[in-house]
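Reader: I should like to learn how to read pockets and buried residues in a protein model. Would you please guide me?

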Amino acid sequence: MKRLAAAFGIALIVIAAFQASGSPYASKARSLVERTVGTAVSTVASGGLQAEYALVIDAETGKTIYAKNERERAYPASTTKIVTALLALELGKPDELVTVGDEALPEDPEESRAGLKPGQRLKLYDLVEAALLPSGNDAARTIAVHFGRKAAGDPQLDEDAAQREFAKLMNKRAKKAGATNTRFVNASGLHDPNHYTTARDIALIAKDAMANKLFRQAVRATDYTASTGAAGAGGFAKAAWSNTNQLLQPGSAHYFEGATGIKTGFTDQAGYCLVSSASKGGKSVIAVVLRSTSKDVYPDAKKLLELGLGTAGDPAATKS
């Protein structure tokens, strides 16, 4: 793996140096790199990645295929909800009813929300979809309070204390996945200087999450409709959400054939983030893009997925 990483580094340096200088040998350099380390590596090197932190791994083995600053600390934004949803599915039953409390009220006027209101009741699986698809911070906090109170053995524990209890569970689950440089302080991913991860850590968490059948089902849905009702009331209303992950949406310019998930994210401090997954020809990969731009986050993810799946084409054709 170290030799492969060194080859990637050589590829980036050689191609970048020749292209930056306008050298007539640039095309020869690219051909040499392709013969040495493969066309797919040349594609990423030539096209470039705007993301400050990036990684693509084999979803089955966890082996690294390509990495960029993958061990450096970064803010995860709403990709945090991967572990929030995974814990919910591991600790609870899909059809158990959860009552929404005041934790669903906005903490930030610009935060992403699923539109939940205090007093509503939802099945846990519906709540998971509400956290993942529209990236509902209200849903993530509701999950946190529900399981934080269970962990503390106190159904009356106040919302803030319950969320702190859930953060402990998040950090424990992250360590179980092999994430050694991660610390979560909330379930939603709202910015906090003490809430951080790395591209490698979040990939390992995502790998564990994608081994969960219900999680895989949840993150690949393009749309989802849930039933919500008031506590103690007999009637139920419908709530509909669409997945913010444009790799999954057939009508999107960013649609990626074979995409299977996973989670978008954004804060001013984290930049545009995307943990994605795809399968083709019996091979599955997970790609992580952290601190990219609104214009580049999907092209970055596509380059990594193509590299991981071995479908990257001619470098000139994939440049954006």
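Reader: What volume does the largest pocket have?

Author: This is a predicted model, in which local features need pLDDT of at least 70 and side-chain atom pairs count only at pLDDT 80 or more, while totals for chains, interfaces and linings use all residues. Residues are numbered from 1 along each chain as its sequence is written, and side-chain values use heavy atoms, without hydrogens and water. Rolling a probe the size of a water molecule over the atoms shows where empty space is left. Here, the largest pocket (an open set of points on a 1 Å grid where a 1.4 Å probe fits, with protein on both sides within 12 Å along at least five of seven lines) has a volume, the space filled by probe spheres set on the points, of about 520 Å³.

Reader: Which residues of the lining lie nearest the centre of the largest pocket?

Author: Lining residues have an atom within 4 Å of a point. There are 25 of them, and Glu 110, Ser 112, Gly 265, Phe 266 and Thr 267 lie nearest the centre. Strand 7 (strands are DSSP runs of E, at least two residues) gives the most to this lining, with 5 residues.

Reader: Is Thr 79 buried or exposed?

Author: Buried means under 20% relative accessible area, and exposed over 50%. Thr 79 counts as buried because its relative accessibility is 0%. Its side chain reaches the backbone oxygen of Pro 76 at 2.6 Å. Beyond its neighbours within four places in sequence, Thr 79 is in contact (heavy atoms within 4.5 Å) with residues including Gly 265 and Cys 273.

Methods: Buried means under 20% relative accessible area, exposed over 50%, partly exposed in between (1.4 Å probe, protein chains only). A polar contact is a pair of N or O atoms within 3.5 Å; within protein, one must be able to donate a hydrogen and the other to accept it, and residues adjacent in sequence count only if both atoms are side-chain atoms. Helices (H or I, at least four residues) and strands (E, at least two) are DSSP runs, numbered from the N terminus.
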